[in-house]
Amino acid sequence: MSSTAVFPWEIELDRQIESWLREDIGRGDRTTQSLHVETRDPIEGKWTAKASGIVAGLPIAARVFQYLDRNTSLIPLVSEGETCSPGQQIARLEGSLEALLMGERVALNLVMRLSGIATATRQYVDALSDVPTRFVDTRKTTPGLRILEKYASQVGGAVNHRMGLDDAVMIKDNHIAVAGGIEAAITQIRDRIPYPMTIEVETETIEQVKEAIAHGANIVMLDNMSIEQMRQAVILIRESTSPVQIEASGNVTLETIREIAEAGVDYISSSAPISRSPWLDISMRILGKFTFI
């Protein structure tokens, strides 16, 4: 599966890359900068996958190396969103020795983390491959890494939920409690948000579903409901005259996701691929023999 995910490099990424490199390099790479290699040619390196998975983040890694030396290149040998196997070479590098060695850890950490997310996400997406229900990520992300982690989620095939609190209205249990009910929350919020921002309401009971529909929610989330409750809620919503979309969340696992989808919901959201995924192991090797001066 190829990805159409788009990343706004210059706007969002470069300041973060600088901070990540400063954290790792500190006052200087004592090891690399103490080596003096006699060569006029670019140093070559390779990245090799040590496990099976979905590759994500190679363009971001390329940006890390280019930040250190604009003449350094990372050439992907697999496309974003493609599967790799153990022992497969996934990228080739060319550039200065200092750029390759000083950028190695930051670049690898990013790609291993993002590929792990994409790999886990693809498992959930594949479980829904023959049904119309779409898999959606959440805002449960690592502070400072949200845009990258959601990028990896999209590479894995998921639909991005709102990026932040300013994207859309989601009325959750605490908002309902503060407002004094779903009707009051929707009424107060609708008067203060711009057109055409949507309103999603988190519901835990059939009565809350009825209230959300009655007061014009655009999306109803069925949160931590049993499968039977979900089926009842879906029938109730589909029989209403309002064009309401249905999202299910809570207790979503690879074992339960199929049954949840068969209840008839439009979207299933889960934080699991981002919050629980292991990293995809990748190694870097410098190629060639060198003369030291």
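This is a walk through the chain in your viewer, stop by stop, with a note on what to select at each one.

**Whole chain**

Keep in mind that you are looking at a predicted model. Show the whole chain as a cartoon to begin with: its secondary structure comes to 10 helices and 14 strands. Switch to the C-alpha trace, and the span along the principal axes is about 80 × 40 × 25 Å. If you colour by burial, 46% of the 293 residues count as buried. Now put a surface on: the accessible area is about 15100 Å², and 49% of that belongs to carbon and sulfur atoms.

Colouring by charge gives you 29 positive and 39 negative charges, with mean positions 5 Å apart. As for contacts with a separation of 6 or more, 72% of them are between residues 24 or more positions apart.

**First sheet: select strands 4, 6, 2 and 13**

These 4 strands make an open, antiparallel sheet, in the order 4-6-2-13. Which strands sit at the edges? Strand 4 (73–76) and strand 13 do, each of them pairing on one side only. Look along the sheet and you'll see neighbouring strands turned by 20° against each other on average, ignoring direction.

Now pick out strand 2, residues 43–49. It is mostly covered, with 5 of its 7 residues buried. On one side, 6 bridges tie strand 2 to strand 6 (residues 89–95), running antiparallel. To see one of the pairs, select Lys46 and look for its bridge partner in strand 6, Arg92.

Strand 2 also pairs with strand 13 (residues 282–287), again in the antiparallel sense and over 6 bridges. Two pairs to click on here: Thr48 has Ser283 as its bridge partner in strand 13, and Glu44 has Leu287.

While you have side chains switched on, a general point helps: in a regular strand they alternate between the two faces of the sheet.

**Helices on that sheet**

Add helix 2, residues 58–68. It packs on the sheet and touches strand 2, strand 4 and strand 6. Its direction makes about 165° with that of strand 4. Then add helix 3 (residues 97–126), which lies across strand 2, strand 6 and strand 13. Helix 3 runs at about 165° to strand 13.

**Glu94**

Go back to strand 6 and select Glu94, which lies in it. Is Glu94 buried or partly exposed? Its relative accessible area is 26%, so it counts as partly exposed. Show what surrounds it: leaving out residues up to four places away in sequence, Glu94 touches Pro42, Ile43, Glu44, Asn71, Thr72 and Ser73. Glu44 is the residue you just saw opposite Leu287 of strand 13.

For a sense of scale, draw a distance from the C-alpha atom of Glu94 to that of Val155. The two are 61 residues apart along the chain and separated by 26 Å.

**Second sheet: select strands 7 to 12**

Here 6 strands form another open sheet, this time with parallel pairing, in the order 7-12-11-10-9-8. Strand 7 (134–136) and strand 8 (169–171) stand at the edges; each has a single partner strand, so one side of each has no neighbour in the sheet. The twist from one strand to the next averages 25°.

Zoom in on the strand 7 edge. Strand 7 and strand 12 (residues 267–269) run parallel and are joined by 3 bridges. Pick Arg134 and you'll find it opposite Tyr267 in strand 12.

Next, bring in helix 7, residues 206–214. It lies across strand 9 (199–203) and strand 10 (219–223), running at about 165° to strand 9.

**Glu183**

Select helix 6 (residues 182–190) and find Glu183 in it. At 41% relative accessibility, Glu183 counts as partly exposed. Beyond residues up to four places away in sequence, Glu183 touches Glu211 and His215. A C-alpha to C-alpha line from Glu183 to Ser271 covers 28 Å, with their positions 88 residues apart in sequence.

**Last stop: Gln16**

Finish at helix 1 (residues 9–25), where you'll find Gln16. Why does Gln16 count as buried? Its relative accessibility is 19%, and the cut-off for buried is under 20%. Once neighbours within four places in sequence are set aside, its contacts are Gly144 and Ile147.

Methods. Residues numbered from 1 in each chain as written. Predicted model: local features only at pLDDT ≥ 70, side-chain atom pairs only at ≥ 80, totals over all residues. Heavy atoms only, no water. Buried < 20%, exposed > 50% of the residue type's maximum accessible area, 1.4 Å probe, protein only. Contact = heavy atoms within 4.5 Å. Pairing = 2+ DSSP bridges. Axes fitted to C-alpha atoms, helices over the stretch in contact; angles between N-to-C directions. Areas by Shrake-Rupley, 256 points an atom, 1.4 Å probe, with all protein chains shown as cover. Lys, Arg positive; Asp, Glu negative; His and termini not counted. Charge placed at Lys NZ, Arg CZ, Asp CG, Glu CD.
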